[in-house]
Amino acid sequence: MPLRLYAHPFSSYCQKVLIALYENATDFEYRHLEDAGAGEELEALWPLRRFPVLVDDGRTILETSTIVEHLELHHPGPVRLIPADPDAAVEARMLDRIFDNYVMGSMQKPVLDSLRPEADRDSYGVAEARAMLHKAYAWLDARLADHEWAAGDFGLADCAAAPALFYADWVEQIPDALANLRAYRARLLARPSVARAVDEARPYRGYFPLGAPERD
Ligand SMILES: N[C@@H](CCC(=O)N[C@@H](CS)C(=O)NCC(=O)O)C(=O)O
């Protein structure tokens with residue numbers, strides 16, 4: 001029975017898992033969330049309706065970081081998604097958390113806020129999120145001075161970084177001065193697995209509520 005992934009191509013967290021699957025050419029059934037009945041199936045699996053969700057032989061795996069861990073454990077391929085060395089794995093997981101919590105999370109705040117009715121918007125929270133992005137950018141730029149990928153070879157943390165930085169740059173452009181981070185984002189976009197995820201999401205750019213820029 002192939003893996004089944006409930007996902008939408010435009011979703012940043014779905015892209016994180018799609019990149020991991022594409023890296024190792026892992027076979028899976030793509031349950032596109034715009035297809036009839038897919039939303040109901042997702043809700044039956046995970047009432048919180050967060051996506052993506054992976055189903056492997058009747059087992060439901062939630063949360064992107066653990067989905068990538070599951071892929072490495074049960075469906076490994078030539079690209080190691082989690083380093084074999086436990087200490088290096090801690091570093092990879094640390095960077096994964098940083099990208100999810102402080103880049104992806106801060107990017108999502110202004111996006112989701114713009115979808116709220118005007119009266120319910122949270123301008124203070126949005127300003128905080130934008131400031132957080134700049135702090136995260138500066139920290140990452142310094143780290144990337146001597147790292148080609150986020151933590152060792154390409155893996156989990158880069159799967160998280162690619163969609164996070166892709167969309168974060170649309171929300172709050174990475175300053176020119178942060179050349180290491182800008183170059184890392186470009187390196188990620190040049191990676192075939194990432195380019196594929198970005199291309200598959202292209203038809204949905206009109207969904208971006210802040211207006212997708214004319215680049216990338
Ligand atoms: N921590 C979750 C986050 C997943 C998440 O927030 N996914 C977004 C799509 S990018 C979602 O489900 N949005 C639907 C919603 O917020 O109702 C993970 O890593 O899987």
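This passage describes the strands, the ligand surroundings, one helix and one loop residue of a predicted model.

Strand 1 covers residues 3–7. Four of its five residues are buried, so that the strand is mostly covered, with buried taken as under 20% relative accessible area. Strand 1 is joined to strand 2, residues 28–32, by five bridges. The two strands run parallel. Within this pair, Tyr6 of strand 1 stands opposite Arg31 in strand 2.

A second pairing involves strand 3, residues 53–56, and strand 4, residues 59–62. Here the sense is antiparallel, and four bridges are found. Val53 stands opposite Leu62 of strand 4. The two strands form a hairpin with two residues between them. In this hairpin, Asp57 adopts a positive phi near 50°. In a regular strand, side chains alternate between the two faces of the sheet.

The ligand is surrounded by Ser11, Ser12, Tyr13, Arg49, Arg50, Phe51, Glu63, Thr64 and Gln108. Polar contacts involve Arg50, Phe51 and Thr64. The side chain of Thr64 places an N or O atom 2.7 Å from a ligand oxygen. For Arg50, an N or O atom of the side chain lies 3.3 Å from an oxygen atom of the ligand. Phe51 contributes through its backbone: a polar atom there is 2.8 Å from a nitrogen atom of the ligand.

Helix 7 spans residues 179–190, twelve residues in total. At 1.5 Å a residue, a span of 16 Å is expected. The C-alpha atoms at its ends are 16 Å apart, so the model agrees with this expectation. Four residues of helix 7, namely Leu181, Tyr184, Arg185 and Leu188, are buried. These residues lie on the same side of helix 7, because they cover an arc of only 100° around its axis. The buried residues of helix 7 pack against four helices: helix 4 (86–114), helix 5 (123–143), helix 6 (156–171) and helix 8 (192–201).

Leu115 lies in the loop between helix 4 and helix 5. Its relative accessible area is 57%, so Leu115 is exposed; the cut-off is over 50%. In sequence, Leu115 and Asp35 are 80 residues apart. In space, their C-alpha atoms are 23 Å apart.

Notes:
Residues numbered from 1 in each chain as written. Predicted model: local features only at pLDDT ≥ 70, side-chain atom pairs only at ≥ 80, totals over all residues. Heavy atoms only, no water. Expected span 1.5 Å × (residues − 1). Buried < 20%, exposed > 50% of the residue type's maximum accessible area, 1.4 Å probe, protein only. Arc of directions from axis to C-beta. Contact = heavy atoms within 4.5 Å. Pairing = 2+ DSSP bridges. Near = heavy atom within 4 Å. Polar contact = N/O pair within 3.5 Å; in protein donor to acceptor, adjacent residues only side chain to side chain.
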